[in-house]
Amino acid sequence: MRIITLLFVVSLFSCQQEPTYPPLEENTSHLQDQSLAPFYHGVASGDPLTTGIVLWTRVTPSTQLPEIEVEWEVAADKAFNKVALSGKVTTDASKDYTVKIDISTGLEPGTPYYYRFKALDGVSMTGKTKTAPQLAQSLRFAVVSCSNYEFGYFNAYARIAEEKDLSAVIHLGDYIYEYGPGRYGDTTIGRLNIPPHEIISIQDYRDRYAQYRLDPDLRAVHANHPFINIWDDHEITNNSYKDGAENHQDDEGDYKTRKAVAKQVYYEWLPIRDGAAHYRAFSFGELADLIMLDERLAGRTKQVDSLTDATLQNEERSMLGQEQLAWFQQQLSTSKARWKLIGNQVIFSYLDWGFPTFSINLDAWDGYPAEQQRVADFIKSNAIKNLIFLTGDTHSSWAFEVTNNPKEGYIPATGEGAFAVEFGVTSINSSNSNERAPTDSVLVHEKKIVNTSINPHLKYANMRDHGYMLLELDGEKARATYKYVETLRKRDDRIRTETSLQVKSGEVKLEVVN
């Protein structure tokens, strides 16, 4: 009898063993640093509040687990002896095993914090972040745009990771590119896009983000600073708008489905607060408000094909859409901050590019002149001061005294007639003019279009280099410093400052300060 009972217990125990699951096979697994398991993609933070922050990670199991429990901690010290907040959450395949913690209260304003995650017997790397201040004497932001994995190494991200005392990294879009290998990149250095075709499905978009987030330089910058992200077009597909895109064809399925998939994966993989609208605003005390606009999916109507298009001036053509435009105007009119920063994907100020076959970019605000004029009129009629547009998209650096019509009422010597300034940031590594033409020719062209009769309000342009912009604010002035890397073709720590421009509080006249 005892033998029979013992056999029954052994048999019952065997039936209750942990279930087995098939292996998790990923197209990007060969890029993983095994020392970081299971947190191969590192950690990230974003959307800082005075008392909160969004924390992010991704747990990568070896098998297709139905659910994973994840612990998180936020501490005032790197050793985690002073834990401020902690908790547990679960993730699963429906979220691509990503984890997002939205902390709204419990942290101190303007304070650096350390954070980490634990899961599957592993501990993530330690991230560093910072809440937004209630009071600030000065602020420092890194401003970036347009990172294309296939065009080269992310040396600019690596240098931003080394910057000290940043309030945030403001990313103005094109965080990824949607193309297949060789379509828009440099395949000679071996950084080939995954998957090996244009991304359309949910798994395609997840693979592409996973590939980017496995890059050690992008992983480092996320681990060291909070990000504030907005999408441009390539997070969906080239020259996207609310109802379509230049790079979406009929044989690629339904555009609305593709757009929904792209948005879902963007929110899965970035440290951004979930919400009804992608456009949103952030307060950095009385010194600055940051207003992030969605100039792609919230309300943009289709681009026209040429300057002779009879519909170009139509009032109903819109960059922002009525709802976002009303919100934007309210943000501007109610802001009490010294500086009003506009996270702006495409150039707002008028720009004549000066090429024989290309003068006006109809994908930018110049392609939506009626709404561009409404925004300009609102700013001027409400006497809104200290307004700075921060702009990406063009893979070039710019500095404008902003006017949408520099040929009427604008005086270059004094800046009279301008109503804001605009700092455009070059790409992290997406191609610019001297990847298509000799550098000497590009320099000649810059001199042709800067501070001349073509663009009297354009005070600086660099159409040759890659890097980022450092924006520094205090109560008296705002300064933009343009920093450029030496090469994209290998990991390289060289960085140089070409120029800095500043504007004094209450003015719109740009000054070159070095």
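Which residue in strand 19 does phenylalanine 389 stand opposite? The partner is glutamate 422. From that pairing we can walk outward through this predicted model, strand by strand, and then turn to the salt bridges.

## Strand 17 and its neighbours

Let's start with the strand that carries phenylalanine 389. Strand 17 covers residues 387-391, and five of its five residues are buried. The cover extends to both faces: Leu387, Phe389 and Thr391 are buried on one side, and Ile388 and Leu390 are buried on the other. On the way into this strand, the chain leaves strand 16, passes through helix 7 (residues 369-381) and reaches strand 17 in a right-handed β-α-β crossover.

Strand 17 pairs with strand 19 (residues 421-424) in the parallel sense, with four bridges between them. Strand 16 (residues 339-344) also pairs with strand 17 in the parallel sense, here over five bridges. Within that second pairing, isoleucine 342 has phenylalanine 389 as its bridge partner. Phenylalanine 389 therefore gives you a handy place to look in the viewer, as its bridge partner is isoleucine 342 and it stands opposite glutamate 422 in strand 19.## Strand 15 and the hairpin

Moving on from isoleucine 342, we come to strand 15, where isoleucine 291 stands opposite that residue of strand 16. Strand 15 and strand 16 pair in the parallel sense over five bridges. The link between them is helix 6 (residues 322-334), and strand 15, helix 6 and strand 16 together make a right-handed β-α-β unit.

Strand 15 (residues 288-292) is mostly covered, with five of its five residues buried. Ala288, Leu290 and Met292 are buried on one side, while Asp289 and Ile291 are buried on the other. Strand 14 (residues 280-284) runs antiparallel to strand 15, and five bridges join the two. In this pairing, phenylalanine 282 stands opposite leucine 290. Three residues separate strand 14 from strand 15 in a hairpin, and glycine 285 in the turn has a positive phi of about 70°.

## An open sheet of 10 strands

Elsewhere in the model, 10 strands form an open sheet with mixed pairing, in the order 5-2-1-11-10-9-21-22-23-24. Strand 5 (98-103) and strand 24 (511-512) stand at the edges; each has a single partner strand, so one side of each is left without a neighbour in the sheet.

Inside that order, strand 1 (residues 43-46) and strand 11 (residues 226-229) run parallel and are joined by two bridges. Serine 45 of this pairing has proline 226 in strand 11 as its bridge partner. Helix 4 (residues 216-224) packs on the sheet and touches strand 1, strand 10 (168-171) and strand 11. The direction of helix 4 makes about 50° with that of strand 1.

## Salt bridges

The structure holds 35 salt bridges. One of them joins arginine 491 to aspartate 217, with the closest N and O atoms 3.1 Å apart. Arginine 491 sits in the loop between strand 22 (477-485) and strand 23 (495-504), and aspartate 217 sits in helix 4, so the pair ties together parts that are 274 residues apart in sequence. What is the burial status of each partner, buried or partly exposed? Arginine 491 is partly exposed, with a relative accessible area of 43%. Aspartate 217 counts as buried at 10% relative accessibility.

Another salt bridge brings together the side chains of arginine 464 and glutamate 498, at 3.8 Å from N to O. Arginine 464 lies in the loop between strand 20 (458-462) and strand 21 (467-474), and glutamate 498 lies in strand 23, so this pair ties together parts that are 34 residues apart in sequence. Arginine 464 counts as buried at 12% relative accessibility, whereas glutamate 498 is partly exposed with a relative accessible area of 29%.

A further salt bridge links glutamate 511 and lysine 504, at 4.0 Å from N to O. Glutamate 511 is partly exposed, with a relative accessible area of 28%. Lysine 504 also counts as partly exposed, at 37% relative accessibility. Which residues do salt bridges with shared partners join into one network? They are Glu446, Arg464, Asp465, Glu486, Arg496 and Glu498.

Technical notes. Residues numbered from 1 in each chain as written. Predicted model: local features only at pLDDT ≥ 70, side-chain atom pairs only at ≥ 80, totals over all residues. Heavy atoms only, no water. Buried < 20%, exposed > 50% of the residue type's maximum accessible area, 1.4 Å probe, protein only. Pairing = 2+ DSSP bridges. Right-handed = clockwise from strand over helix to strand, strands pointing away. Contact = heavy atoms within 4.5 Å. Axes fitted to C-alpha atoms, helices over the stretch in contact; angles between N-to-C directions.
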